[in-house]
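Here is a short briefing on the disulfides of one protein chain and the fold around them. Look at the sequence and the structure first, then read the points below.

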Amino acid sequence: MVTWRSASLAAAAAAVLAVTATGCGQDKSSGYSSGNGQPVGNASTAQQPGDNAYGSSGGYGQAGGAESSAKQAGQLVVSDSKELGKVVTDNAGFTLYRFDKDTASPPKSNCEGDCAKAWPAVPADGVTAAAGTDQSALGSVTRADGTKQLTIGGWPMYRYAKDTNPGDTNGQNVGGTWHAAAPDGKKAATAAAAPAPAAAMPGLSVRKDPKLGDVIVDARGMTVYRFKKDSAWPMKSACTGACLEKWPVVAPVDKTNTKGIALKGFVTFDRPDGVKQQSITCWPVYTFSGDTKPGDTNGQGVGGTWYAVSPEGKLIGAPK
């Protein structure tokens, strides 16, 4: 016989299991992804090849039509290519290209018709600069069809239909006129021309600051911050719109590419703007556009709400 007490205990146990299963949790009521925090690992990239984000065949623009062409780039990312040096990608990891027959001053696209099917223009809407790069370098140009195309350093940006996986650079040097874009909009350097790379840092690691002690830094050595107005349960970011221009999100990092930091609550946060953001102990993390070189901590204490992050994921120096 099921008593009122046993039924109550069963219900309570179920509730505990539900809370445990959701990990960090994401706020469904505010338009966040209905999924829970996504563990970072092999599936941590913003978009996996099989997700068909760029066409039903799995590649960019292949059978995707206008919907593929209109795919927003979100927050740009600067990737290191062994062959090409620093290369700009969209938030899904797909390479951005520039065309020698375009012009940057004034910005003008000369890729239309069949050319635009092979080289879909990157929409200018909803784009934020890669962490550590200048937002003012981003702009737009009006195409012949009236749509706005992203420019970097004045150069119109494109994706390539034959790039089927994040990180592909199949468009490099096609026809001798197409080139992967560098962070300033110029042509990415070839391996022969690129300087020898410094020893690679982990995606997230710990640096000892003379004033703040141990702080988390990203792969470029830039200080990582938390925002006091965010929440970890449910996981939610209060930094949106213009705030993200000043405080770029930390892109997802494979947990195996970290050193010395807490991995509990180390999950990908699905933001409502489509950007994927790394979290530490379930708190979304950011860098600061006012930090111009590794070791800078200019974001520390800004507005009484932004603080560097300790290896345990805690706010450093925040009033209690």
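In this predicted model, the disulfide between C111 and C115 is left-handed, with -110 degrees about the S-S bond. The two sulfur atoms of C111 and C115 lie 2.0 Å apart. The chain holds three disulfides in total.

**C111 and C115**
- C111 is buried, because its relative accessible area is 0% and the cut-off for buried is under 20%.
- C115 is partly exposed, because its relative accessibility of 22% falls between the 20% and 50% limits.
- One partner of this disulfide is thus buried, and the other is partly exposed.

**C239 and C243**
- A disulfide joins C239 to C243, with an S to S distance of 2.0 Å.
- The torsion about the S-S bond of C239 and C243 is about -110 degrees, so this disulfide is left-handed.
- C239 counts as buried because its relative accessibility is 0%, and buried means under 20%.

**C24 and C282**
- The sulfur atoms of C24 and C282 are bonded at 1.9 Å.
- This link is left-handed, with -70 degrees about the S-S bond.
- The disulfide ties together distant parts of the chain, its cysteines being 258 residues apart.
- C24 sits in the loop between helix 1 (4-21) and strand 1 (38-39).
- C282 sits in the loop between strand 17 (276-280) and strand 18 (283-284).
- Both C24 and C282 are buried.

**Pairing pattern**
- How do the bonded cysteines pair when counted along the chain? The pattern is 1-6, 2-3, 4-5.
- The 1-6 pair of that pattern is C24 with C282.
- The 2-3 pair is C111 with C115.
- The 4-5 pair is C239 with C243.

**The chain as a whole**
- The protein chain has four helices and 19 strands.
- It runs to 320 residues, and 43% of them count as buried.
- Which share of the contacts between residues at least 6 apart in sequence joins residues at least 24 apart? The share is 65%.
- The exposed area of the protein chain is about 15500 Å². Carbon and sulfur atoms supply 56% of that area.

Note on methods
Residues numbered from 1 in each chain as written. Predicted model: local features only at pLDDT ≥ 70, side-chain atom pairs only at ≥ 80, totals over all residues. Heavy atoms only, no water. Disulfide = S-S within 2.5 Å. Helix = DSSP H or I, 4+ residues; strand = E, 2+ residues; numbered from the N terminus. Buried < 20%, exposed > 50% of the residue type's maximum accessible area, 1.4 Å probe, protein only. Contact = heavy atoms within 4.5 Å. Areas by Shrake-Rupley, 256 points an atom, 1.4 Å probe, with all protein chains shown as cover.
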